[in-house]
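Me: I would like to go through the surface and the charged pairs of this model, one question at a time. Please reason briefly before each answer.

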Amino acid sequence: MCTSIVEIVEAEGAGRSTIGWFPLTHAVVSYDHPHYALLEDAILIDFVNRDRDPGARAAVELTLEAAKALQAALADAIAQAETEESEHRGRKAEPALVTDRAA
C-alpha cells in the first residue's frame, strides 16, 4: 500500500554515503515500501543535501517497532545532552517538549 505519509524537516549536520561525508540540508521521514529491507512497509529516513547530486543521501529503513525505539532513545539522549549543556554553562536545564508524532 502506498501511504503518502511524508514528513520533511531541515537538518543541520553531516551524513556519510558512498561519496563520503557531505553536509545535510534536510531529513525526509516516510512510511512506505522499503527499497532494501525485506519488509512489507517501513519507516524510511533519508538524510539528504538538496544542493548536491542524488549520491548525497544516507538512508535507513526501520520496522515500526525499531522506529519507536529510536524515537525513545533520541528523546532520552536529547534530554541528557540538554542537561549536560546546561550544567556545563552553569545554568538550570529547561526540559524540552517532546511530542509523539508516531501516534
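Me: Which residues form a nonpolar patch on the surface?
Reply: This is a predicted model, in which local features need pLDDT of at least 70 and side-chain atom pairs count only at pLDDT 80 or more, while totals for chains, interfaces and linings use all residues. Residues are numbered from 1 along each chain as its sequence is written, and side-chain values use heavy atoms, with hydrogens and water left out. A patch takes residues with over 30% relative accessible area and no salt bridge, joining like charges within 9 Å and nonpolar side chains (Val, Leu, Ile, Met, Phe, Trp, Tyr) within 5 Å. With about 250 Å² of accessible area together (Shrake-Rupley method, 1.4 Å probe, only the protein chains shown counting as cover for residues), the patch is formed by L70, L74 and I78.

Me: Is L70 buried or exposed, or partly exposed?
Reply: L70 is placed in helix 1, helices being DSSP runs of H or I with at least four residues and strands runs of E with at least two, numbered from the N terminus. Buried means under 20% relative accessible area, exposed over 50% and partly exposed in between (1.4 Å probe, protein chains only). Because its relative accessibility is 35%, L70 counts as partly exposed.

Me: Which side chain meets R57 in a salt bridge?
Reply: A salt bridge needs a side-chain nitrogen of Lys or Arg within 4 Å of a carboxyl oxygen of Asp or Glu. At 2.6 Å, N to O, the partner of R57 is D46.
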